[in-house]
Amino acid sequence: MSGEARKRIAVLLSGRGSNLQALLDARQDAYEIVLVGSNVADAPGLAIARAAGIATFAHAHQGLKRAAFDALIDDQLRAHDVEAVALAGYMRILSEGFVERWAGRMVNIHPSLLPLYKGLDTHARAIDAGDHFAGCSVHIVTAGLDDGPVIAQARVPIMPWDTPETLAARVLIEEHRLYPRALAELVRTL
Ligand code: GRF
């Protein structure tokens, strides 16, 4: 460690939070997770954050225009002096304005070898296509869904007996290895 302060990270999530857990467990000295936010009030990932003593917030997005909702999130990020954002299973498309504000400082993890299989059901689509490899990608967030420059990728072989569930489980193990490393590398450049 160079002695520089760890970068202050916010994680946004909508569900389980296993990638949040991996980001916490990795104890990287390049970053510190200071805030976890969600659009789902009872997302299990929020409980993981609370158990780790991290500040959390949840806003329901129902009834709010996308930009207005994202402005609420942006207020939270600024109030906590957040320097970069990691999306970890955040299941809501972000407004262009929010993406622009955090350009180059926001990453996402996606369970496919991007640019293949943006969107949902990535593992079923890879199996159906007869692919020999699946995997996961960490990319800089831009306005397009699961678009933006890929900064790290991990590959997993697809076995003949794989179902979307067995494949997802093996890819998830790689996600948990990849995301902390990729996030640390990115924030060192900020
Ligand atoms: C992961 O598979 C991630 O790649 C995708 O959503 C899932 C989130 O899982 N974007 P978790 O909430 O981190 O367990």
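**Exercise 1. Determine whether Arg-78 counts as buried, exposed or partly exposed in this predicted model, and find the acidic side chain that it meets in a salt bridge.**

Step 1. Arg-78 has a relative accessibility of 43%, and because the partly exposed class lies between under 20% for buried and over 50% for exposed, Arg-78 counts as partly exposed.

Step 2. The side chain of Arg-78 meets that of Asp-74 in a salt bridge, with 2.8 Å from N to O, which satisfies the cut-off of 4 Å between a side-chain nitrogen of Lys or Arg and a carboxyl oxygen of Asp or Glu.

Step 3. Both residues belong to helix α3 (residues 66–79), where they are four residues apart and therefore separated by about one helical turn. Asp-74, at 5% relative accessibility, counts as buried.

**Exercise 2. Identify the network of salt bridges to which Asp-74 belongs.**

Step 1. Asp-74 also forms a salt bridge with Arg-101, and the closest N and O atoms of this pair are 3.0 Å apart. Here the link is between distant parts of the chain, since Asp-74 lies in helix α3 whereas Arg-101 lies in helix α4 (residues 96–101), 27 residues apart.

Step 2. Salt bridges that share partners thus join Asp-74, Arg-78 and Arg-101 into one network.

**Exercise 3. Locate the two residues of the salt bridge between Asp-147 and Lys-118 along the chain, and classify their accessibility.**

Step 1. The closest N and O atoms of Asp-147 and Lys-118 are 3.3 Å apart. Asp-147 is in the loop between β6 (133–140) and β7, while Lys-118 is in the loop between β5 (106–110) and α5 (122–128), so that the pair links distant parts of the chain, 29 residues apart.

Step 2. Asp-147 is partly exposed at 34% relative accessibility, and Lys-118 is partly exposed with a relative accessible area of 31%.

Step 3. The structure holds five salt bridges, and the one between Asp-147 and Lys-118 is among them.

**Exercise 4. Work out the order of the strands in the open sheet, and explain which strands stand at its edges.**

Step 1. The sheet has seven strands in the order β3-β2-β1-β4-β5-β6-β7, and their pairing is mixed.

Step 2. The edges are taken by β3 (55–58) and β7 (150–157), each of which has a single partner strand, so one side of each is left without a neighbour in the sheet. From one strand to the next, the twist averages 20 degrees.

Step 3. Within this order, β1 (residues 7–13) and β2 (residues 31–38) run parallel and are joined by seven bridges; Ile-9 has Ile-33 of β2 as its bridge partner.

Step 4. Across β1, β2 and β3 lies helix α2 (residues 44–51), which runs at about 155 degrees to β3.

Definitions and conventions. Residues are numbered from 1 along each chain as its sequence is written. This is a predicted model: local features need pLDDT of at least 70, side-chain atom pairs count only at pLDDT 80 or more; totals for chains, interfaces and linings use all residues. Side-chain values use heavy atoms; hydrogens and water are left out. Two strands pair if DSSP finds at least two bridges between them. Axes are lines fitted to C-alpha atoms, for helices over the stretch in contact, and angles run from 0 to 180 degrees between N-to-C directions. Contact means heavy atoms within 4.5 Å. Buried means under 20% relative accessible area, exposed over 50%, partly exposed in between (1.4 Å probe, protein chains only).
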